[in-house]
Amino acid sequence: MSLSAASRPGYAGTLALTALTPLAWGSTYAVTTEFLPPDRPMFTAVMRALPAGLVLLGIGRVLPRGMWIWRAAVLGVLNIGAFFPLLFLAAYRLPGGVAAVLGAIGPLFALVFAALLLSERPTARKVLAGLLGLLGVGLVVLRAEARLDMVGVLAGLAGAASMSAGTVLTKRWGRPEGVGALALTGWQLTAGGLLLVPVALLIEGAPPALSGENLLGYAYLGIVGTALGYWIWFRGISRLPATSVAFLALLSPVSAAVIGWAALGQALSPIQLLGMVLALGGTLLGQAPAGPSRRDSAPPAPVRPAAPTASPSR
């Protein structure tokens, strides 16, 4: 992305709209603890992904064809089917916000994947932004009693890598001609949700009985946090550099802390406020233009003089 691209009138608006998704994702913790049945992470993952995907499929009225059948499946696994279980596994085994810190490594993973798949050279500025965001999130969520669990750590790292790879691959593959971001979102949510169904049944058994409060919580997560959220997210990926979108994910733990303070009465310490400032700084710094690709930096091929002709052809 060039500097001129970043200064286009619609660029800032697209960036701001895409940032709404991680801000909404930050409400997941409060909704889960206050409205959903306890200890059912896999069922919750299914309820987030599959109904939203089926609704978007019905709205879009288009199914993947040809190579997009397996592409949609791969993206659905990376962004939904693998990411959700890994996210919940890390959260359950790593109390004290360690899971959120591992998730904040995602932008650094995205820089690596963008270099491999998009030929974008990571700049020192973006690497610094990733480290700054990681430090900021750590200050926001870590507590002195935080402990490490190897399975949880590996799950957190794998989840961050999965989401980052899905973001970059979504950018690399784009969309089929005539297919919008809404249909692509429906494909991925449906594929990921279908993958999660047998996992949820195997691990947690039959679905629990749901109260009206539970249904309200699932409706919010499915509509706001998933259907609308992922549609805006994938729309942003199609219009913004993949690494810039990845850095927006740093807003999620900041949003969760603010919602916990405003809605759940949780205290915010000066250290946490400093962490928020650093995380926001890393997010903004991560919007700097990506480094030139290897194709862009390659020297131009020498121009050979044209052979003289006796007369111009007609």
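## Helix α8

In helix α8, the buried residues are G106, P107, A110, L111, A114 and A115. Helices here are DSSP runs of H or I with at least four residues, numbered from the N terminus, and "buried" means under 20% relative accessible area, with exposed over 50% and partly exposed in between (1.4 Å probe, protein chains only). An α-helix has 3.6 residues a turn, so residues three or four places apart point the same way.

Does the length of α8 come out as expected, or what span should its 12 residues have? At 1.5 Å a residue (the expected span is 1.5 Å times one less than the number of residues), helix α8, residues 106-117, should span 16 Å, and its end C-alpha atoms are indeed 16 Å apart. After α8 comes S119, which has a positive phi, near 60°.

## About the model

Keep in mind that this is a predicted model: local features need pLDDT of at least 70 and side-chain atom pairs count only at pLDDT 80 or more, while totals for chains, interfaces and linings use all residues. Residues are numbered from 1 along each chain as its sequence is written, and side-chain values use heavy atoms, leaving out hydrogens and water.

## The nonpolar cores

Now for the largest nonpolar core, meaning a set of buried Ala, Val, Leu, Ile, Met, Phe, Trp, Tyr and Cys residues joined through side-chain atoms within 4.5 Å. It has 28 residues, and I80, F84, L189, Y230 and W233 touch the most other members. Helices α2 (9-25), α4, α6 (83-93), α11 (181-204), α12 and α13 (242-248) each supply at least two residues of this core. Its largest share, 7 residues, comes from α4. Apart from this core lies another one, of 14 residues, with L111, V137, A257 and L285 among them.

Take a look at Y230: beyond its neighbours within four places in sequence, Y230 is in contact (heavy atoms within 4.5 Å) with residues including W25, R48, I80, F84 and L189.

## An exposed leucine

L194 sits in helix α11. Is L194 buried or exposed? It counts as exposed, because its relative accessibility is 51%. The C-alpha atoms of L194 and G76 are 9.5 Å apart, although 118 residues separate the two along the chain.
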